[in-house]
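Trainee: I am new to this structure and should be grateful for a close look at a single part. Please begin with one side chain and the partner to which it is joined, and then set that pair in its surroundings.

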Amino acid sequence: MKFEKYFDHTILSATATKQQVKKVCDEAMEYNFASVCVNGRFTEYVKEQLAGSDVAVCVVVGFPLGAMSSQAKAAEAELAVKAGADEIDMVISVGALKEEDYDYVLNDIKMVRKACDGKVLKVIIETCLLTDEEKVKACQLAVDAGADFVKTSTGFSTGGAEIHDISLMKAAVGDLAKVKASGGIRDYTRASAMIDAGADRLGTSATVKIMQGITI
């Protein structure tokens, strides 16, 4: 796969404006990234900006805490798809996972999976909050629910992607799902290391700098 197609060019800041989102879309088309990843408000706008390109529209759901109801996440995913989303990145209920309510976690993901049927679903497990055992269990539940990817982080919690976690998640899902690394990937060396560890996709706002080989 071409290096640029590993990237979800991301803008998820609470202060993001349409002007900033347009810049991200323009960059994504210039470099031919895999997707532009945004909050739901911008879904239709990004779809319009990316028209005529093969850059996908990626929208986060249940972001960044994952603590809202499954029904709310499913409704958010459905609205995003109707507005033009090609990919959905949802956050699991971390608390439910930690209290070992695995049926809840499974059904939570399944409801979003159903709501975005036919689209790519990435499941954010927020690795910085989990033990290794919990990470593996989260990956297994995501696969059981029909997810296309498991994803390390929102980038809004206590930590981001780590090489160890990529290797662990890759081993947990095998060939049944792909792995997305996100959070703290801000230079070419780090991005390359994530890919070498098994990441199939990278989420970062520093994508252009990475492509230019700039370390920051």
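Mentor: Lys170 has a relative accessibility of 27% and therefore counts as partly exposed, since that class lies between the limits of 20% and 50%. The model in which this value was computed is a predicted one. The side chain of Lys170 meets that of Asp200 in a salt bridge, with 2.9 Å from N to O. Lys170 belongs to helix α7 (residues 163–173), whereas Asp200 is placed in the loop between α8 (188–197) and β8 (201–204), so the salt bridge ties together parts that are 30 residues apart in sequence. As a general matter, side chains of opposite charge can pair when their charged atoms come close.

This pair has company, for the count of salt bridges comes to 20. One of them joins Arg113 and Asp148, again with 2.9 Å from N to O. Here too, distant parts of the chain are linked: Arg113 is in helix α5, and Asp148 is in the loop between α6 (132–144) and β6 (149–151), 35 residues away. Arg113 has a relative accessible area of 15% and is therefore buried, while Asp148, at 31%, is partly exposed.

In another salt bridge, Asp54 pairs with Lys5, and their closest N and O atoms are 3.1 Å apart. Asp54 sits in the loop between α2 (43–49) and β3 (56–61), and Lys5 in the segment before β1 (7–11), so that this pair also links distant parts of the chain, 49 residues apart. The two partners fall on opposite sides of the classification: Asp54 counts as exposed because its relative accessibility is 52%, and Lys5 counts as buried because its value is 17%.

Salt bridges also join into a network, whose members are Asp8, Glu87, Asp89, Lys122, Lys151, Lys180 and Arg201.

Helix α5, the home of Arg113, has a helix packed against it. This is α3 (residues 70–83), which packs with α5 (residues 102–115) at an angle of about 20°, the axes lying 8 Å apart. Because angles under 35 degrees count as roughly parallel, α3 and α5 are roughly parallel to each other. The crossing of α3 past α5 is right-handed. On the α3 side, the contact is made by Ser70, Gln71, Lys73, Ala74, Ala77, Glu78 and Val81, and on the α5 side by Tyr104, Asp108, Met111, Val112 and Ala115. Of the residues in this contact of α3 with α5, seven are nonpolar, two polar and three charged.

Returning to helix α7, one may consider a residue that touches part of it. Thr127 is located in the loop between β5 (120–124) and α6. With a relative accessibility of 2%, Thr127 counts as buried. Leaving aside residues up to four places away in sequence, Thr127 touches Lys135, Thr152, Ser153, Gly160, Asp165 and Met169.

Arg41 offers a contrast in exposure. Arg41 lies in the loop between β2 (35–38) and α2, and at 63% relative accessibility it counts as exposed. With residues up to four places away in sequence again left out, Arg41 touches Ala16 and Lys18. The C-alpha atoms of Arg41 and Asp101 are separated by 31 Å, the two residues being 60 residues apart along the chain.

How values were computed
Residues are numbered from 1 along each chain as its sequence is written. This is a predicted model: local features need pLDDT of at least 70, side-chain atom pairs count only at pLDDT 80 or more; totals for chains, interfaces and linings use all residues. Side-chain values use heavy atoms; hydrogens and water are left out. Axes are lines fitted to C-alpha atoms, for helices over the stretch in contact, and angles run from 0 to 180 degrees between N-to-C directions. Helices (H or I, at least four residues) and strands (E, at least two) are DSSP runs, numbered from the N terminus. Angles under 35 degrees count as roughly parallel, over 145 as roughly antiparallel, 65 to 115 as roughly perpendicular and the rest as oblique. A crossing is left-handed if the near helix is turned anticlockwise from the far one by less than a right angle, and right-handed if clockwise. Contact means heavy atoms within 4.5 Å. Ala, Val, Leu, Ile, Met, Phe, Trp, Tyr, Cys and Pro count as nonpolar, Asp, Glu, Lys and Arg as charged, and the others, Gly among them, as polar. A salt bridge is a side-chain nitrogen of Lys or Arg within 4 Å of a carboxyl oxygen of Asp or Glu. Buried means under 20% relative accessible area, exposed over 50%, partly exposed in between (1.4 Å probe, protein chains only).
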